[in-house]
Amino acid sequence: MKLWGGRFEGGPAEALARLSVSVHFDWRLAAYDIAGSKAHAKVLADAGLLTPEELSRMLAALDELAADVESGAFQATPADEDVHTALERGLLEKLGPLGGKLRAGRSRNDQVATDLRLYLRDHARLLALGIADLAGALTEQAGQHVATPAPGMTHVQHAQPVTFGHWLLAHVQPLLRDLDRLRDWDRRTAVSPLGAGALAGSSLPLDPERVAKELGFTSSAANSMDAVSDRDFVAEFLFVTALLGVHLSRLGEEVVLWTSQEFGWVELDDAFATGSSIMPQKKNADIAELARGKAGRLIGGLVAVLTMLKGLPLTYDRDMQEDKEPAFDALDTLELVLPALTGMIATMTVKTEVLAKAAPIGFSLATEVADYLVRKGVAFRDAHEITGRLVAFCAARGLELHEVGDDDLVAISAELDPGVREVLSVDSALAARKTPGSTGPLAVAEQLANVERELAGA
Ligand code: ARG
């Protein structure tokens, strides 16, 4: 049963049917398609195109159909080209010819764009919950490590000491931006295409604004041609999920490093680590690696949709059927990755002693020396140079900065005096960093409180 057989002799070739069928993936739009149908039926009745009695039979049948879809009593078959075709068949089975009236003033073109907006808006809310859970787990760990020293890095080289809580919160901030991006995306996506018909609107007295309100949109589309052409909301959604994937990948990469023998900063809970089939001693961070690996398909989905759209003439083209699988795959992927990462982070053990011991290694307090000289009035340019000489002196002799004797200090520069040793502790370096957003324990506690507040409102 097709929606378009009238002008054709005979059925489609098998190869065409197999290429064009989408019901195996767009069936998940069914509940949204039915919601759109109910809203459309009401405006048809308002327009006098359905009698009140027909409307109530129509709405009852659509409710029944929704229940049958939910329970599995009604299923799509591969002979149904897409979800819209399958549901019209279901309606006709219940209502006979009356079921055929619903299609007036509506096309699959405005229908499918509406369904996908509804579906993505709903699922974006679930996605946001998953992101907030991960951000919550990171924040809780951060709360345990507000004052735990760690070796802060640039270029994966020891740079300056930081607190590990600050580091963990540095992974929360991007997630907060992702949540904000989803909210912002939703505002632009809350526009209803229904009423656009195939492309030109309708000669029937429909009420797109009413349909929009009924379906939870804030407005109906301003231009019927744009309404059926526009897939910005899919591309933007896929950008948000791709960027989220990149954030999860960077977190995953760090967990892989942290749990390595060489770092040894973190131990994963057994329930969130995997073993090897041959090496009995292995404990691997597969969750972190899969989070990193799956960023590839999230980015791929964005590229696929942008590439599909770039050469399309207005308005609807069948190419656009390719918009759905990447969007569904992004949601499915994140639905797997986020809870696993959340559990892994929530249950990991941070080795505070290992971190604290590593924090000053690699002359990471050299900046403290330079800042000390600056406070004495030395220009930073000269302070940098003097400190560099001190570092070279220590490196050549296997000394730490604080181990250089008084005479040697003065020999390196007349500006260096024994008082410099006072700034050469990780704790004093951390405590000195008080400005908002800094890594010092006080500033981190403040950041933590702000993040917790933001998450409570998310
Ligand atoms: N299944 C199509 C899609 O997902 C909608 C059908 C529109 N088809 C058409 N020939 N106008 O985009």
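## Exercises around the ligand shell

By class, the shell around the ligand holds three nonpolar, three polar and four charged residues. Here Ala, Val, Leu, Ile, Met, Phe, Trp, Tyr, Cys and Pro count as nonpolar, Asp, Glu, Lys and Arg as charged, and the others, Gly among them, as polar.

This is a predicted model, where local features need pLDDT of at least 70 and side-chain atom pairs count only at pLDDT 80 or more, while totals for chains, interfaces and linings use all residues. Residues are numbered from 1 along each chain as its sequence is written.

**Exercise 1.** Let's find which residues surround the ligand, and why it lies between two domains.

*Solution.* Start with the names: Ser22, Asp26, Asp82, Arg108, Asn109, Val112, Tyr316, Arg318, Met320 and Gln321 surround the ligand. Next, turn to the domains, whose bounds come from an automatic or database domain assignment. Domain 1 (14-104) and domain 2 (109-357) both contribute to this shell, so the ligand lies between them. Finally, look at helix H6 (residues 108-144), which supplies three residues, the largest share of the shell. Helices are DSSP runs (H or I, at least four residues), numbered from the N terminus.

**Exercise 2.** Now work out how H6 packs against helix H10 (residues 232-258).

*Solution.* First, take the two values: the angle is about 15°, and the axes are 11 Å apart. Axes are lines fitted to C-alpha atoms over the stretch in contact, and angles run from 0 to 180 degrees between N-to-C directions. Then classify: H6 is therefore roughly parallel to H10, a label for angles under 35 degrees.

Note on methods:
A residue is near a molecule or strand if its C-beta atom, placed from the backbone, lies within 6 Å of it. Helices (H or I, at least four residues) and strands (E, at least two) are DSSP runs, numbered from the N terminus. Angles under 35 degrees count as roughly parallel, over 145 as roughly antiparallel, 65 to 115 as roughly perpendicular and the rest as oblique.
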